[in-house]
Structures are given as C-alpha cells and as structure tokens.
Amino acid sequence: MNTSNIYKQNFEVAPVGGGIKFQIKGELLLCAFFTIFMLLLFISVSAIEARSMKDFLRGASRLVLLLGVGISVWGILLGGIHHSFRPRLYSLNAIGVTIKRAIRNVHIPYSEITRTTIVDSAPLWWGIGTPLDLDKPASAYVTCSERLLLIETAKRRYYLSPLEPEEMLRAIQQRLEEKK
C-alpha cells in the first residue's frame with residue numbers, strides 16, 4: 001500500500017494467477033481452434049477447386065502461412081485487450097474508489113456503496129471476464145480468482161483483487177463510517 005496523503009490511498013493489484021490464467025489460455029485456445037477450423041475449410045475448398053496437385057500445394061502453403069498470421073493476430077488482440085482493461089491500481093480518494101486501468105478508469109462513489117466484504121473464491125458462475133449474477137449485474141476487475149474484495153452498490157456488484165484485501169476493506173469501511 002502506498003499513501004500519498006490523508007485523502008488518497010493506493011492499493012496494489014494481486015499478481016495474475018489461478019482461474020484468470022486458465023481463462024486467458026482458454027480464450028487463446030478457442031481463437032486458435034477457430035483459426036484452424038477456418039484453415040481446414042479453406043483447404044477443403046481449394047482442394048475441390050484445384051486443377052493440379054501443384055495448384056493445391058501452392059494454395060495450401062498460403063493457407064498455412066495465413067494460419068500462423070491468424071493465430072498471431074488473435075493472440076495479439078486478446079493479449080492487448082486483457083492488458084488494456086485489467087486493473088493496474090486500486091485507489092481510495094475523498095469521493096470514492098477508483099479502479100485504474102490503461103483504458104477507462106472506473107469510479108465507485110462512497111455514497112453508492114451499500115456493502116463490502118471479502119469473498120474467498122470466484123463464484124461458480126464466473127464468465128469470460130464478466131460474471132453473471134441473477135439479481136444484479138456484476139463487474140470483475142480482477143487478476144486472480146481467490147481472496148476477492150466485493151463492493152456492492154444498489155445497482156451492481158464489483159469484484160476487485162487487491163494484494164492485501166483485508167487492508168483495503170478496512171480502509172473503505174473507515175471512509176464509509178467517516179461519510180455517515
């Protein structure tokens with residue numbers, strides 16, 4: 001934890017681990033499978049349309065090159081998305097909690113927070129980056145799937161993964177008490 005003044009506290013994000021690594025690998029494998037499927041489809045079509053074996057091999061070699069490029073592009077895109085939208089820092093300031101990311105920070109005002117607690121593990125309904133909840137929407141700004149800080153508002157649930165969840169929970173609860 002870093003403290004720059006009385007009104008602002010920064011909390012480090014937990015390292016990437018657990019189910020999040022599995023999720024990222026799963027997405028990359030899904031993209032690779034899709035790319036290979038498309039390659040096989042194109043090879044089948046080119047085999048049917050090829051006039052000679054030489055034409056077929058020329059077309060197949062181009063498709064194999066396309067496969068490598070396709071998987072690389074998918075990997076770069078998914079890696080860029082995860083890198084851009086994963087949390088970098090959690091910050092408490094005078095008006096609320098800020099989740100700092102490379103693209104578009106998220107702000108949760110103290111006035112909207114109804115409950116905070118620590119959840120031992122990610123819920124079973126954990127989806128691809130955005131958990132699904134039955135009674136209200138949920139957002140996951142996490143890098144791991146264990147020891148998550150849950151911040152609940154009237155409209156949404158926010159899951160965070162600070163390096164020290166108990167310390168951040170105490171700091172949020174202290175600020176909520178001060179605001180009453």
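**Figure 1. Glu152 and Arg157, a buried pair in a predicted model.** In this predicted model, Glu152 is buried, and Arg157 is buried as well. The two residues form a salt bridge, in which the closest N and O atoms are 3.5 Å apart. Glu152 has a relative accessible area of 9%, and it counts as buried because the cut-off for that word is under 20%.

**Figure 2. A network of salt bridges that includes Arg115.** The side chain of Glu152 also meets that of Arg115 in a salt bridge, with a distance of 3.0 Å from N to O. This pair links distant parts of the chain, since Arg115 belongs to strand S6 and Glu152 to strand S8, with their positions 37 residues apart in the numbering. Arg115 has a relative accessible area of 41% and is therefore partly exposed, whereas Glu152 is buried. Taken together, Arg115, Glu152 and Arg157 are linked in a network of salt bridges. The structure holds four salt bridges, and as a general point, side chains of opposite charge can pair when their charged atoms come close.

**Figure 3. Asp120 and Arg147, a further salt bridge between strands S6 and S8.** The side chains of Asp120 and Arg147 meet in a salt bridge at 2.9 Å, taken from N to O. Asp120 lies in strand S6 and Arg147 in strand S8, so this pair ties together parts of the chain that are 27 residues apart in sequence. Asp120 is exposed, with a relative accessible area of 54%, while Arg147 is partly exposed, with a value of 33%.

**Figure 4. Two arginines with a positive phi, Arg104 and Arg147.** Most residues other than glycine have a negative phi. Arg147, which is not a glycine, nevertheless has a positive phi of about 55°, and its place is in strand S8. Arg104 is not a glycine either, and its phi is positive at about 60°. Arg104 lies in the loop between strand S4, residues 96-101, and strand S5, residues 106-109. With a relative accessibility of 57%, Arg104 counts as exposed, whereas Arg147, at 33%, counts as partly exposed.

**Figure 5. An open sheet of four strands, with helix H3 packed on it.** The four strands of this open sheet stand in the order S6-S8-S9-S7, and their pairing is mixed. Strand S6 (113-121) and strand S7 (138-141) stand at the edges with a single partner strand each, so one side of each is left without a neighbour in the sheet. From one strand to the next, the twist averages 20°. Strands S6 and S8 (residues 146-153) run antiparallel and are joined by seven bridges; in one of the pairings between these strands, Val119 has Leu148 in S8 as its bridge partner. Helix H3 (residues 165-179) packs on the sheet, where it touches S6, S8 and strand S9 (157-160), and its direction makes about 170° with that of S6.

**Figure 6. The chain as a whole, as a setting for the close-up views.** The chain has three helices and nine strands, and from the N terminus on its elements run β-β-α-α-β-β-β-β-β-β-β-α. Of the 180 residues in the chain, 38% are buried. Among the contacts with a separation of 6 or more, 57% are between residues 24 or more positions apart. The accessible surface of the chain comes to about 11100 Å², and carbon and sulfur atoms account for 64% of that area.

Methods
Residues are numbered from 1 along each chain as its sequence is written. This is a predicted model: local features need pLDDT of at least 70, side-chain atom pairs count only at pLDDT 80 or more; totals for chains, interfaces and linings use all residues. Side-chain values use heavy atoms; hydrogens and water are left out. Buried means under 20% relative accessible area, exposed over 50%, partly exposed in between (1.4 Å probe, protein chains only). Contact means heavy atoms within 4.5 Å. Accessible areas come from the Shrake-Rupley method with a 1.4 Å probe; for residues, only the protein chains shown count as cover. Two strands pair if DSSP finds at least two bridges between them. Axes are lines fitted to C-alpha atoms, for helices over the stretch in contact, and angles run from 0 to 180 degrees between N-to-C directions.
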